[in-house]
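User: I have a model open and would like to go through it with you. Could we begin with the core and then turn to the sheet?
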Amino acid sequence: MKSAVIVFPGSNCDRDAAAALEQLTGEKPAMVWHADSELPDVDLVVLPGGFSYGDYLRCGAMAAQSHIMRDIREKADKGVAVLGICNGFQMLTETGMLPGALLRNADLKFVCRPVGLEVEETQSAFTRKYDRGQQVTFPVAHGDGNYFADDTTLDRLEGEGRVVFRYAKGDNPNGSARDIAGILSEKRNVMGLMPHPERVCDPLLGGTDGIALFQSLIEALS
Amino acid sequence: MKARVFVTLKNGVLDPQGKAIGNALHGLGFSQVGEVRQGKVIDLELSEPDAAKARAGVKEMCEKLLANTVIEKYEIELLQ
């Protein structure tokens, strides 16, 4: 599986994502600068966490307008897998590649801790190696992760099996609608989530629950 | 021509910052304050002299970048 990690000014999880990808695929991902206009030929594009463009205007709003995003959108339309983690999820909603928006956390606090999640959907390239209903723990680190969409959109996401991860009951860290932590696009090749699977791919970092996500991608895309 | 854009959260979208401001105002003794909603103001200098064209241009800017219309609404004010 060939992958690329997009690097924006202010990204700070790009190297975490690259380390996880290299460790699990055995291949270094291409690190692509935001001002480049063309992606290399890859199976997976990762939009990493961080504070691209200093979160100016809205989180992810500037990144959504960057040069490279045009090509990412075109590739996604053709079926290339795109994974947006944290700030990457915010970018995907800002571009309209995923529905809804991420609002300021309901209690206004930046939240940085491990959270319990339930894997709700395993019919996807991102989660096929998990079991449906499996409980996992990923860390979160964000100030704007409160997932919002109107009821029609939420019903549709649930009805189409596009809610991939939900915060465990009583462990919703940001006020997200219906405890939603991660969703899929209509074609199911674009996923965004607020928690950080790339930070739990090595026992030294306190957990390995994220490994199955990357293994799912390797199995689906290789 | 100058334009001023007001961007605020749509009705029904939770505004925790507005809520916190409201609580702080109550703490200061302003008991007359009800709900508080906050937003942002963006001032633009435009080279377009025609008001209708200027407004149309700013509307497009709002739709494409200045506001996220999933959660925000905007108002445009033209200042001569």
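User: How many residues has the largest nonpolar core, and which have the most contacts inside it?
Analyst: Please note that this is a predicted model. Its largest nonpolar core has 71 residues, and A:I6 and A:V45 are those with the most contacts inside that core.
User: Which residues does A:V45 touch, leaving out those up to four places away in sequence?
Analyst: With those left out, A:V45 touches A:A4, A:I6, A:L39, A:I72, A:K75, A:V80 and A:V82. Apart from the largest core lies another one, of 7 residues, including B:V58, B:L66, B:A67 and B:Y74.
User: On to the sheet. What is the order of the strands in chain A?
Analyst: The sheet is open and is formed by 9 strands in the order β2-β1-β3-β4-β11-β10-β9-β6-β7, with mixed pairing. In chain A, β2 (30-33) and β7 (135-142) each have a single partner strand, so one side of each is left without a neighbour in the sheet.
User: Which way do β10 and β11 of chain A run?
Analyst: Strands β10 (residues 180-184) and β11 (residues 190-193) of chain A run antiparallel and are joined by 3 bridges. A:L184 stands opposite A:M191 of β11(A).
User: And which strands does helix α1 of chain A touch?
Analyst: Helix α1 (residues 14-25) of chain A packs on the sheet and touches β1 (3-7), β2, β3 (44-47) and β4 (81-85) of that chain. The direction of the helix makes about 170° with that of β1(A).
User: Lastly, how many residues does the contact take from chain A and from chain B?
Analyst: Chain A gives 12 residues and chain B gives 9 residues. On the side of chain A that touches chain B, 6 residues are nonpolar, 2 polar and 4 charged.

Notes
Residues are numbered from 1 along each chain as its sequence is written. Chains are lettered from A and ligands numbered from 1 in the order in which they are written. This is a predicted model: local features need pLDDT of at least 70, side-chain atom pairs count only at pLDDT 80 or more; totals for chains, interfaces and linings use all residues. A nonpolar core is a set of buried Ala, Val, Leu, Ile, Met, Phe, Trp, Tyr and Cys residues joined through C-beta atoms within 7 Å. A residue is buried if 20 or more other C-beta atoms lie within 10 Å of its own, exposed if 12 or fewer, and partly exposed in between; C-beta atoms are placed from the backbone. Two residues are in contact if their C-beta atoms, placed from the backbone, lie within 7 Å. Ala, Val, Leu, Ile, Met, Phe, Trp, Tyr, Cys and Pro count as nonpolar, Asp, Glu, Lys and Arg as charged, and the others, Gly among them, as polar. Two strands pair if DSSP finds at least two bridges between them. Helices (H or I, at least four residues) and strands (E, at least two) are DSSP runs, numbered from the N terminus. Axes are lines fitted to C-alpha atoms, for helices over the stretch in contact, and angles run from 0 to 180 degrees between N-to-C directions.
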